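Biologist: I'd like to go through this model with you and press you on the labels. Can you show it to me before we start?

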Amino acid sequence: MTRVARVPAGAGPTHGILARPGLVAVADTRGDALLLFSVDPLRQVGSLALAGSPYGLAADAEGGLVWVTLTALNEVVGVDVSGSAPREVVRYPTVQQSNTVAVAPGSRTLWVASRTDGTVQRVTR
């Protein structure tokens, strides 16, 4: 394997996903931010401050959204990544310590899992 590119990703990156073609989203949990990177060339192209320990990520590329769990606040945030700058568009309360989020592309339903009590929450938006 040959490493072809490497860039800094905040104070404590924990998860990364393909947000849409050509764009990677990274949860910077220690830095309280969502970071966005282009893939070719690999470089940071955006960030959004998200206090509350951003952790779990899911992408709805059809809707242009990245869903981010905030484990310290027990919330999930929808971030629009379809434009030139990420922006928060919606926020929902979740189960305690929401570490994981999932969404079917184009769906209006989220599933959020709790590390604390072993439950899964369904959120219909």
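Biologist: What makes E88 partly exposed?

Modeller: E88 has a relative accessibility of 34%. Buried means under 20% relative accessible area, exposed over 50%, and partly exposed in between, with a 1.4 Å probe and protein chains only. The 34% falls in between, so E88 counts as partly exposed. Keep in mind that this is a predicted model: local features need pLDDT of at least 70, side-chain atom pairs count only at pLDDT 80 or more, and totals for chains, interfaces and linings use all residues. Residues are numbered from 1 along each chain as its sequence is written, and side-chain values use heavy atoms, with hydrogens and water left out.

Biologist: Why is the contact of R91 with E88 called a salt bridge?

Modeller: The closest N and O atoms of R91 and E88 are 2.8 Å apart. A salt bridge needs a side-chain nitrogen of Lys or Arg within 4 Å of a carboxyl oxygen of Asp or Glu, so this pair makes the cut. R91 itself is partly exposed, because its relative accessible area is 33%.

Biologist: What makes E75, E88 and R91 one network?

Modeller: Salt bridges that share partners join them. E75 also meets R91 in a salt bridge, at 2.7 Å from N to O. E75 lies in strand 7 and R91 in strand 8, so that pair ties together parts 16 residues apart in sequence. Strands here are DSSP runs of E, at least two residues, and helices are runs of H or I, at least four, numbered from the N terminus.

Biologist: How many salt bridges does the whole structure have?

Modeller: The search finds four. One of them joins D60 and R125, with the closest N and O atoms 3.5 Å apart. D60 sits in strand 5 (residues 54–60) and R125 in the segment after strand 11, so this pair links parts 65 residues apart in sequence. D60 and R125 are both buried.

Biologist: Why is the pair of W67 and Y92 called stacked?

Modeller: Rings of Phe, Tyr and Trp (its six-membered ring) pair if their centres lie within 6.5 Å; planes under 30 degrees apart count as stacked, over 60 as edge-to-face and the rest as tilted. W67 and Y92 are 6.3 Å apart centre to centre, with 25° between the planes, so both conditions are met. The structure holds one aromatic pair. W67 is in strand 6 (residues 65–70) and Y92 in strand 8, so the two tie together parts 25 residues apart in sequence.

Biologist: Are W67 and Y92 buried or exposed?

Modeller: W67 is at 0% relative accessibility, so it counts as buried. Y92 is at 21%, so it counts as partly exposed.

Biologist: How do you know that D80 is buried?

Modeller: Its relative accessible area is 13%, so D80 goes down as buried. D80 lies in strand 7 (residues 75–80). The side chains of D80 and S82 share a polar contact of 2.6 Å. That term asks for a pair of N or O atoms within 3.5 Å; within protein, one must be able to donate a hydrogen and the other to accept it, and residues adjacent in sequence count only if both atoms are side-chain atoms.

Biologist: What about G83, buried or partly exposed?

Modeller: G83 has a relative accessible area of 40%, so it is partly exposed. G83 lies in the loop between strand 7 and strand 8 (87–93).
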